[in-house]
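Hi everyone, thanks for making time. I'd like to walk you through a structure that's probably new to most of you, so let's get it up on the screen.

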Amino acid sequence: MSGTEKVVCVTGASGYIASWLVKLLLQRGYTVKATVRDPKKVVCVTGASGYIASWLVKLLLQRGYTVKATVRDPNNPKKTDHLLALDGAKERLKLFKANLLEEGSFDSVVDDCVGVFHTASPVFLAASDPQTELIDPAVKGTLNVLKSCSKFSSIKRVIVTSSIAAIMCSRKPLTSDVILDETWFSDPLWYMLSKTLAEEAAWKFAKENGIDMITMNPGLVIGPLLLSTTTFSVDTILNLINGSYSSYDGIYRFVDTRDVANAHIQAFETPSASGRYCLVGRVTPHSETLKILRELFPALFPTQE
Ligand SMILES: NC(=O)c1ccc[n+]([C@@H]2O[C@H](COP(=O)([O-])OP(=O)(O)OC[C@H]3O[C@@H](n4cnc5c(N)ncnc54)[C@H](OP(=O)(O)O)[C@@H]3O)[C@@H](O)[C@H]2O)c1
């Protein structure tokens, strides 16, 4: 008989179960006619439950993309409810379990995507074991995602969320009342190091493997939360209010999370975009930030006797 007997059709082929069905059918020698809503519009977002990534997912769904979103625990409602409630999520959002440190974890997710937005990375400053908690997931995790991307020719561009921390970092603020002497030891700024090493490794891998990659380098991201838990950004502002932490140079470079998410999409969609983009809306000294916060949210400040 002719080979036409072995031609089958799979509808909704980019789906979780359907992608495996297609894979097994191909392995058994079938020719598969696979339907997807719009083959050009399937993208992946890593670390999708995060503060910035949830806005990115929201804006991508608004623009008609099908989003394959990775989370570490798809069964944790605190990490997924806010995503599943987004407009368009029912039809075009698919959640996948993936961990940065699990080799090959992203293969089946990025397969058939045209774009990958890699935002997942640990975001905190204090670590008892910085290598394991920050550096490895940032550096090895980024390479793990890029390795998966390098396996699939459908991927046209990868957008990596780096940080302004990978661009500008020195140590403590050297204001006029500070004396730098032999008693000083440098503070290890592990988060900044993790972002710097991860971005450097990403550029090296992308160049060696011909990946069209762009990095987004935001300052401190502020703005509304879609998820129900606080994040590094919110904690940073709260710590500034209660006096337990301030940035090393007394300045924050603020940028709105919605602008950051939108910039990721612009970088993906604009053919001429390339390289690294610093994303900063406003540069504000702590004193000015505190003044604005005091005016807007007086209840957050203890009353003075
Ligand atoms: N917030 C800022 O001010 C700021 C500024 C510049 C750059 N950035 C960068 O923007 C990105 C997102 O930051 P964010 O503020 O949105 O932080 P976030 O809310 O803490 O999100 C980080 C995401 O990374 C995921 N993640 C961490 N370790 C992982 C691992 N081992 N495997 C898989 N996923 C892992 C987390 O997953 P779980 O939900 O499972 O924990 C979470 O979804 C990060 O790359 C960060 O460095 C942030």
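Okay, let's start with one residue, Thr-119. It counts as buried, because its relative accessibility is 14% and the cut-off for buried is under 20%. And before I go any further: what you're looking at is a predicted model.

So where does Thr-119 sit? You'll find Thr-119 in the loop between β6, which is 115–118, and α6, which is 130–150. A polar atom of its side chain lies 2.7 Å from the backbone oxygen of Thr-46. The backbone of Thr-119 has a partner too: one of its N or O atoms is 2.8 Å from an oxygen atom of the ligand.

That brings us to the ligand. How much of the ligand's accessible area does the protein cover? On its own the ligand has 900 Å², and the protein covers 90% of that. Which elements give two or more residues to the shell around it? Those are α2 (51–62), α7 (190–209) and β9 (220–222).

In total, 26 residues surround the ligand. The closest are Tyr-51, Arg-72, Tyr-191, Lys-195 and our friend Thr-119. If you sort the shell by class, you get eleven nonpolar residues, twelve polar ones and three charged ones.

Two more contacts to point out here. The side chain of Ser-49 has an N or O atom 2.9 Å from an oxygen atom of the ligand. And at Gly-50, a polar backbone atom is 3.4 Å from a ligand oxygen.

Let me zoom out for a second. The protein has 305 residues, and 44% of them are buried. Its secondary structure comes to ten helices and twelve strands. Along the principal axes, the C-alpha atoms fill a box of roughly 90 × 40 × 40 Å.

Next up, salt bridges. As a bit of background, side chains of opposite charge can pair when their charged atoms come close. How many salt bridges does this structure hold? There are ten, and I'll show you three of them.

Take Asp-112 and Lys-68. They form a salt bridge with their closest N and O atoms 3.1 Å apart. Asp-112 is in the loop between α5 (107–110) and β6, while Lys-68 is in strand β4, residues 66–71, so this pair ties together parts that are 44 residues apart in sequence. Are the two partners buried or exposed? Lys-68 is buried, with a relative accessible area of just 1%. Asp-112 counts as partly exposed, because its relative accessibility is 26%. And there's something else about Asp-112: its phi is positive, about 80°, although it is not a glycine.

The second one is Glu-208 with Lys-204, where the closest N and O atoms are 3.0 Å apart. Here both residues lie in helix α7, four residues apart, and that's about one turn of the helix. Both of them are exposed.

The third one is Lys-291 with Glu-295, with the closest N and O atoms 3.9 Å apart. These two are also four residues apart, about one turn of the helix, and both lie in α10. Why do we call them exposed? Lys-291 counts as exposed because its relative accessibility is 54%, and Glu-295 because its value is 57%.

While we're on α10, which covers residues 286–296, have a look at Ile-292 in that helix. At 33% relative accessibility, Ile-292 counts as partly exposed. Ile-292 is also part of a nonpolar patch on the surface, along with Leu-238, Leu-296, Phe-297 and Leu-300. Together, the patch residues have about 440 Å² of accessible area.

One last stop, back on α7, where we find Trp-190. Trp-190 is partly exposed, with a relative accessible area of 30%. How far is Trp-190 from Pro-130 in sequence and in space? The two are 60 residues apart in sequence, and 6.3 Å apart in space, C-alpha to C-alpha.

So if you remember a couple of things, make them these. The protein covers 90% of the ligand's own accessible area, and buried Thr-119 is among the closest residues to the ligand. Thanks, and I'm happy to go back to any of the views.

Definitions and conventions: Residues numbered from 1 in each chain as written. Predicted model: local features only at pLDDT ≥ 70, side-chain atom pairs only at ≥ 80, totals over all residues. Heavy atoms only, no water. Near = heavy atom within 4 Å. Polar contact = N/O pair within 3.5 Å; in protein donor to acceptor, adjacent residues only side chain to side chain. Areas by Shrake-Rupley, 256 points an atom, 1.4 Å probe, with all protein chains shown as cover. Nonpolar A, V, L, I, M, F, W, Y, C, P; charged D, E, K, R; others polar. Patch = residues over 30% accessible without salt bridge, like charges linked within 9 Å, V, L, I, M, F, W, Y side chains within 5 Å. Salt bridge = Lys/Arg side-chain N within 4 Å of Asp/Glu carboxyl O. Buried < 20%, exposed > 50% of the residue type's maximum accessible area, 1.4 Å probe, protein only.
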